[in-house]
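Colleague: I would like a close look at one part of this model, taken slowly, with the surroundings added afterwards.

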Amino acid sequence: MHKNFSKYIIVGAGLSGLTSAYQLEKAGETDFVILESRDRMGGRIHTNDGIDFGATWFQTHHHNVLKLLDELGVSKFHQYSKGRSVLVYSTMAPEHYFESDPNTPSAFRIAGSSSELIQKLAYALKDRIHLQTVVSGISEINNTVSVQTDKGVFTAEKVIVTIPPKIATRIEFKPALSEVLTRAMDSTHTWMSNAMKVGMTFRLPFWRDKNLSGTVIGQVGAVTELYDHSNAEENSYALMGFLNEGLRDLNAEDRKKRVLEYLITYLGEEIGAFLTYEEKDWSQDWNTSCESIKSVYMSPSYGNPVFAESYMNNRLVFSGAETSPLYGGYMDGAIYSGLIAAQKVCEKIE
Ligand SMILES: Cc1cc2nc3c(=O)[nH]c(=O)nc-3n(C[C@H](O)[C@H](O)[C@H](O)COP(=O)(O)OP(=O)(O)OC[C@H]3O[C@@H](n4cnc5c(N)ncnc54)[C@H](O)[C@@H]3O)c2cc1C
């Protein structure tokens, strides 16, 4: 049996929701629950077999990520980029090779994989996270907010909704949200909800021995971007990248064949000796995506000011990467919005 009344409810155990929870806990506000539809925490941060199938990289300007990692004692390391990278710009012309400037450091990755950040954030919170709990309705009733789920009703003084705005339109809000807000939610693309990733592990980093970085870039092939994804300790070797969305409708076997053929062409026959091969199509994951997905490659503008307002008499606050005016869509935006949301709910109710 769960305790069905708490001071705060956080909807979503992704990076934003866990950041809010961690922040509330730090402020001594421990009376909250987190409701999460998936059977795991992390949302769009998801690591399997050491491969980050969701968020992976961050840069020196992502101050919120850097600060949080530092505070949690999570190390970072540079994306491997030594050696020659391949640029495939045409199916008719030979590939190009280029080398990264060693004076321009590559992006960072989280040592121990991206899910390490999630595990560390959630370390002290696990007893308050309700997994496999799908929120379907949020109503303001008698100075409280009542949250309907498939596991019963939870009630709180205030609620933070961290679900990507587009899919939060599935929730029935009572009283109904304004048309302006609903329209803004519906038109906010969920960053990377259309992405398909592939990850392969290998016994040895054969590409490094050939002075190849493992980077293969090109919109014309089966894999649009590929990178070395070996671990920080350099004792577990992998390649990870993005699949061409043109392969989405192929069956899994045909797609894999196309991917392997393509990578054999540019990295060598050794590709065929993978230990594991796995794909993740986020467009098929209803906790992130929806029927009307769009292929968006440049980060759209995020942080619509309507998401900065509070609703239901300051009892309902929106958060999440897409609501953030700062690095919207990215991990940094998710953390920033989570910090702001925690601050907002701690303010006095009018
Ligand atoms: C393939 C891919 C690659 C990416 N690469 C990068 C990168 O390299 N660098 C970077 O900075 N960012 C990257 N991102 C973006 C990054 O993952 C996000 O910015 C961040 O993880 C978003 O966190 P969030 O908490 O805002 O949202 P989410 O992680 O989406 O969390 C929302 C949570 O709400 C839950 N939920 C949904 N519906 C319900 C419901 N009805 N009831 C209860 N819970 C619900 C979801 O299951 C989820 O756990 C990538 C994302 C993807 C998918």
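In which sense do strand S10 and strand S11 pair, and over how many bridges?

Modeller: Bear in mind throughout that this is a predicted model. Strand S10, which covers residues 135–141, and strand S11, which covers residues 144–149, pair in the antiparallel sense, and 6 bridges connect them. Within this pairing, Ser139 stands opposite Ser146 in S11. The two strands form a hairpin with 2 residues between them, and Asn142, which sits in the turn, has a positive phi of about 45°. S10 also pairs with strand S13 (residues 172–174), here in the parallel sense and over 3 bridges, with Gly137 of the pairing standing opposite Glu172 in S13. Both senses are to be expected in principle, because strands of a sheet pair through backbone hydrogen bonds, either parallel or antiparallel.

To place the hairpin in the chain, it helps to turn to the domains. The chain is divided into domain 1, made of 5–48, 117–190 and 289–346, and domain 2, made of 79–107 and 194–284; the C-alpha centres of these two domains lie 34 Å apart.

Another sheet can be set beside the hairpin: an open one of 7 strands with mixed pairing, in the order S7-S6-S15-S16-S17-S14-S18. Its edge strands are S7 (96–99) and S18 (276–281), each of which pairs on one side only, and neighbouring strands of this sheet are turned by 20° against each other on average, with direction ignored. Inside this sheet, strand S16 (residues 223–228) and strand S17 (residues 237–243) run antiparallel and are joined by 5 bridges, and Asp228 stands opposite Leu239 in S17.

The ligand completes the picture. There are 36 residues around the ligand, of which Glu36, Arg44, Trp57, Ala321 and Gly329 come nearest, and the residues of this shell divide into 20 nonpolar, 13 polar and 3 charged. Helix H1 (15–26) and helix H8 (331–346) each supply at least two residues of the shell. As for polar contacts with the backbone, an N or O atom of Met331 lies 2.9 Å from an oxygen atom of the ligand, a polar backbone atom of Thr56 is 3.1 Å from an oxygen atom of the ligand, and a backbone N or O atom of Ser37 lies 3.1 Å from a nitrogen atom of the ligand. On its own the ligand has 1,000 Å² of accessible area, and the protein covers 97% of that area.

Technical notes
Residues numbered from 1 in each chain as written. Predicted model: local features only at pLDDT ≥ 70, side-chain atom pairs only at ≥ 80, totals over all residues. Heavy atoms only, no water. Pairing = 2+ DSSP bridges. Helix = DSSP H or I, 4+ residues; strand = E, 2+ residues; numbered from the N terminus. Axes fitted to C-alpha atoms, helices over the stretch in contact; angles between N-to-C directions. Near = heavy atom within 4 Å. Polar contact = N/O pair within 3.5 Å; in protein donor to acceptor, adjacent residues only side chain to side chain. Areas by Shrake-Rupley, 256 points an atom, 1.4 Å probe, with all protein chains shown as cover. Nonpolar A, V, L, I, M, F, W, Y, C, P; charged D, E, K, R; others polar. Domains from an automatic or database assignment.
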